[in-house]
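Open the model in your viewer and keep the sequence panel beside it. The stops below say what to select and what is found there.

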Amino acid sequence: MAVKIIPLEEPEEPPGSCAHTCSSSFASALPVRFPAISRAKAFRNRNFPNTSIAEWNDWHWQLKNRITTVAQLERFVMLTDNERQALQRHSSTLPFAITPYYASLISPVNPKDPVRRAVVPVVNELIVSSGEAHDPLGEDSHTPVPGLVHRYPDRVLFLVTDYCSNYCRYCTRSRMVGKSKRSKGFKERWEKALGYIEKHTEIRDVLLSGGDPLTLPDESLEWLLQRLRAIKHVELIRIGTKTPAVLPQRITTQLTKMLRRYHPLWISIHCMHPAEQTREMKRACERLADAGIPLGSQTVLLAGINDDVTTMKKMMQGLVRMRVKPYYLYQCDPIIGSAHFRTSVAKGLEIYQGLRGHTTGYAVPTYVIDAPGGGGKIPLLPDTVIGREGNDILLKNYEGNVYRYPDTL
Ligand code: SF4
């Protein structure tokens with residue numbers, strides 16, 4: 001079927017500044033369908049008393065009112081000296097930003113709060129440890145045209161934006177996210193990437209990532225999806241996003257109505273802690289799932305945040321309840337200043353063992369290391385095949401008991 005491509009106008013401002021859409025008339029035109037959890041509601045009443053529910057539920061309002069300075073953050077959070085120093089000395093390449101919605105999930109008093117640790121910098125971020133690198137996965141050396149990583153034979157990673165609504169302190173692409181002040185010139189970059197995909201007929205799977213693709217305006221995203229769907233050999237389009245967890249208001253019915261026109265389209269949601277799994281996130285996932293979009297999740301294993309079986313099991317079971325299949329559990333990439341986030345591989349295996357067999361198989365992600373230097377994802381598994389006796393293979397189950405299977409030789 002021939003696909004009619006709509007012309008794309010480049011917006012004058014990046015999505016975060018949203019000068020073109022942040023009017024109250026836009027906000028009032030949106031159906032108010034997001035349940036305001038009591039915590040978010042109390043936060044809004046306390047800190048944004050003049051903001052209506054319609055504005056709060058408008059993703060443009062959320063982006064326009066992001067917290068990006070120490071002074072703004074100190075209105076909501078009692079900062080430690082360490083956090084304040086990190087924010088003031090902020091020489092790190094990774095910017096700082098939190099949506100008011102996500103700020104409502106942060107403990108104002110506990111610096112060890114997992115949500116707070118994920119987005120508020122500390123001075124450890126400025127310390128370079130052995131083995132760390134700006135681009136540990138060697139993505140830059142697998143980049144044939146700007147913004148396109150071609151590492152695996154039949155698929156590419158298309159970095160469509162460097163903008164995110166929140167900046168995770170452990171971001172693999174901390175070297176590049178949040179750099180553009182304006183989105184001018186993005187269409188030119190996209191055209192080059194699309195040209196490469198068109199020429200390479202072996203590419204059957206395109207993963208849109210960044211930055212966060214769901215921070216793009218609907219029109220820009222649809223333009224991209226139309227162009228990709230017009231390429232015959234592209235079978236599958238995937239989107240990697242953290243939006244349902246940090247900016248669930250973005251998952252509007254208009255967006256899902258548009259996305260469902262471009263199937264097969266899959267979405268991977270970045271989730272790092274059960275505290276993110278609010279009713280708002282649930283509603284966002286429901287909207288995506290109801291649009292027929294298969295949902296998977298990606299989680300980074302983070303010291304002191306989710307590196308215990310109880311937290312991980314709660315998170316994975318919560319995802320399954322939201323119709324999201326836990327897909328990958330990543331060992332944290334050794335980006336610069338990440339030592340305080342990284343755990344041992346033994347800890348990761350222990351968590352994997354605490355899930356496998358102890359809960360629904362659908363709730364168990366594949367535990368992987370994305371090999372430094374560009375080796376791709378390598379699965380890590382506890383030893384289950386422990387030997388052989390004659391034709392029998394000896395297997396260890398989740399309880400540590402040994403069983404035999406008559407193997408075919
Ligand atoms: S949302 Fe993803 S791309 Fe953006 S800062 Fe977090 S990890 Fe990085």
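Two residues are in contact if their C-beta atoms, placed from the backbone, lie within 7 Å. With that in mind, select V309, M312, K313 and M316 in α14, which meet I351, G354 and L355 in α15. By class, the residues of this contact divide into five nonpolar, one polar and one charged. What you have loaded is a predicted model.

**The two helices**

Now extend the selection to both helices: α14 covers residues 309-321 and α15 covers residues 345-355. Two packed helices are described by the angle between their axes and the distance between the axes. For α14 and α15 the angle is about 55°, and the axes are 9 Å apart. Angles from 65 to 115 degrees count as roughly perpendicular and those under 35 as roughly parallel, so α14 is oblique to α15. The crossing of α14 with α15 is right-handed.

**The whole protein**

Clear the selection and show the full chain. How many helices and strands does the protein have? Its secondary structure comes to 15 helices and 12 strands. The protein has 409 residues, and 41% of them count as buried. Take the contacts between residues at least 6 apart in sequence: 79% of these join residues at least 24 apart.

**The ligand**

Select the ligand next and display what surrounds it. The shell contains C164, Y167, C168, C171, R173, V177, G210, G211, D212, K242 and H270. Five of the shell residues are nonpolar, three are polar and three are charged.

**Two cis peptide bonds**

Most residues other than glycine have a negative phi, and most peptide bonds are trans. Stay with G210 and G211, two members of the ligand shell. They are joined by a cis peptide bond, with omega about 20°. G211 is in the loop that runs between β3 (205-209) and α10 (218-229).

Then go to H263 and P264, where a cis peptide bond has an omega of about 0°. P264 sits in the loop between α12 (253-259) and β5 (265-270).

**R323**

Move to the loop between α14 and β7 (325-331), where R323 is placed. What is the sign of phi at R323? It is positive, about 70°, although R323 is not a glycine. Is R323 buried or partly exposed? A residue needs 20 or more other C-beta atoms within 10 Å to be buried, and 12 or fewer to be exposed. R323 has 15, so it is partly exposed.

**A40**

Select A40, in helix α2 (residues 38-47). A40 has 22 other C-beta atoms within 10 Å and is therefore buried. Which residues does A40 contact, leaving aside its neighbours within four places in sequence? They are Y101 and S104. Add T278 to the view: it is 238 residues from A40 along the chain, yet the C-alpha atoms of the two are separated by 9.8 Å.

**P294**

The last selection is P294, in the loop between α13 (279-290) and β6 (295-301). Inside 10 Å, P294 has 16 C-beta neighbours, so it counts as partly exposed. Show R238 as well: P294 and R238 are 56 residues apart along the chain, and their C-alpha atoms are separated by 9.7 Å.

Technical notes. Residues are numbered from 1 along each chain as its sequence is written. This is a predicted model: local features need pLDDT of at least 70, side-chain atom pairs count only at pLDDT 80 or more; totals for chains, interfaces and linings use all residues. A residue is near a molecule or strand if its C-beta atom, placed from the backbone, lies within 6 Å of it. Ala, Val, Leu, Ile, Met, Phe, Trp, Tyr, Cys and Pro count as nonpolar, Asp, Glu, Lys and Arg as charged, and the others, Gly among them, as polar. Axes are lines fitted to C-alpha atoms, for helices over the stretch in contact, and angles run from 0 to 180 degrees between N-to-C directions. Helices (H or I, at least four residues) and strands (E, at least two) are DSSP runs, numbered from the N terminus. Angles under 35 degrees count as roughly parallel, over 145 as roughly antiparallel, 65 to 115 as roughly perpendicular and the rest as oblique. A crossing is left-handed if the near helix is turned anticlockwise from the far one by less than a right angle, and right-handed if clockwise.
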